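Please find below some notes on the model, written for a colleague who will work from the coordinates. They begin with one residue and then turn to the chain as a whole.

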Amino acid sequence: MWDSLWYNGRLATMAERADGGPYGAVEGAALAVADGKIVWLGVEPELPGPPADLARERHDLEGRWVTPGLIDCHTHLVYGGDRAAEFELRLQGASYEEIARAGGGIRSTVTATRAADEESLLQSALPRLRALIAEGVTTVEIKSGYGLDRENELKQLRVARCLAESEPVTVKTTFLGAHAVPPDFDGRADAYIDEVVAMMGAVADSGLADAVDAFCENIAFSPQQTARVFEAARAQGLPVKLHADQLSDLGGAALASRFGALSADHLEYTSEDGIAAMAQAGTVAVLLPGAFYMLRETKLPPVEGLRATGVPIAVATDCNPGSAPVTSLLLMINMACTLFRLTPAEALAGVTRHAAAALGMAATHGTLEVGKQADFAIWDIERPAELAYRVGFNPLHRAMRAGVPVTP
């Protein structure tokens, strides 16, 4: 007996199909779950018997659409304080770079995060995480990067792990010690990179990080400094990803690809050479339309080039206190279409199949396929494109993680 059988539904499996059909759609479909995994899916007439004989629990989907559980593959969800004052400054004409160079930006969040204890960081992060879960998110990546010393970076990572223990969501954690030069290392970026490299062993030994990230940009770290961080990560057996080419083209996408990065994120200024390197390495492009929107950027990421070379395109919230105080992945699906001209099918793949690949989880998550974890979302919609079409509307009916209800 299966644990549960879901029938009379329509599946947007998001699995790649030989005929290239959008959404990997299966109409008149059923899906079975046992031991937290998908064990059968297909059209109802092919079920191996009457539903009552097959599963302990049976659920009539009443024609609803089912997608994989959504995956937010780039967030900075754990932090102290807020930066609403900087939002006002940007509205008055100050650039993100000007605010950062004046001691605001990431540094101001570092001060607040260092001052906060783990419990207060946990409590402040919970509403942000729960907002994502309420929209069908079953997996989320959370970065450190607001501690910028060993004690406080590990503190952020511990809080991220605690969120996974208290909430019905899978959390992947990323060590982002190379996010910015902290105030105590003013003018000594190379010395701070020495510190990040020295932290790497403790991070790896703690088991608190699933990957390592860095911010390669004029206001952060050079390609040479970033490469040192990646070499240290590789020595510890940790995969890497990169904030690349957001404000300028420093060759970040190519650098990430050289190290076999899981993903390169932002990419507004990525060159053709960078795109080619990503295609060759299999590095996922993660687009962050919320940051693009909040910073009022005008340089679009090279979507056509990514498409033409077959680079997988993921979409994420970039939830953070400065450039993207965003807690709606559904809104990011819409913005990926309206701002970056992704198709609705591409945008949905960006928060399912490709987002899973950006976290190194493609073998177990991101599509509805036999053998994968039974993470799925059930929607009150008539067609999958509605998830991209509607703005400020949440049509989630129910979500499941590993076969267990996330929402009633």
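**Notes on Thr367 and the chain**

1. This is a predicted model. Apart from neighbours within four places in sequence, Thr367 has contacts with Thr13, Met14, Ala15, Pro68, Arg353 and Lys372.

2. Thr367 sits in the loop that runs between helix H15 (353-358) and strand S14 (376-379). Is Thr367 buried or exposed? Its relative accessibility is 4%, so Thr367 counts as buried, the cut-off being under 20%.

3. Two polar contacts of the Thr367 side chain can be listed. One is to the side chain of Glu369, at 2.6 Å. Another is to the side chain of Lys372, at 2.7 Å; Lys372 also appears among the contacts named in point 1.

4. The chain contains 16 helices and 16 strands. Of contacts with a separation of 6 or more, 71% join residues 24 or more positions apart.

5. What radius of gyration does the chain have, and what would a compact globule have? The chain has 21 Å, which agrees with the value near 22 Å for a compact globule of 408 residues. Along the principal axes, the C-alpha atoms fill a box of roughly 70 × 45 × 45 Å.

6. Of the 408 residues, 58% count as buried. The exposed area of the chain is about 15500 Å², and 50% of this comes from carbon and sulfur atoms.

7. As for charge, the chain carries 34 positive and 52 negative side chains. The centres of these two sets are 1 Å apart.

Terms used: Residues are numbered from 1 along each chain as its sequence is written. This is a predicted model: local features need pLDDT of at least 70, side-chain atom pairs count only at pLDDT 80 or more; totals for chains, interfaces and linings use all residues. Side-chain values use heavy atoms; hydrogens and water are left out. Helices (H or I, at least four residues) and strands (E, at least two) are DSSP runs, numbered from the N terminus. Buried means under 20% relative accessible area, exposed over 50%, partly exposed in between (1.4 Å probe, protein chains only). A polar contact is a pair of N or O atoms within 3.5 Å; within protein, one must be able to donate a hydrogen and the other to accept it, and residues adjacent in sequence count only if both atoms are side-chain atoms. Contact means heavy atoms within 4.5 Å. The radius of gyration is taken over C-alpha atoms; the globule rule is 2.2 Å times the number of residues to the power 0.38. Accessible areas come from the Shrake-Rupley method with a 1.4 Å probe; for residues, only the protein chains shown count as cover. Lys and Arg count as positive and Asp and Glu as negative; His and the chain ends are not counted. The place of a charge is taken as NZ of Lys, CZ of Arg, CG of Asp or CD of Glu.
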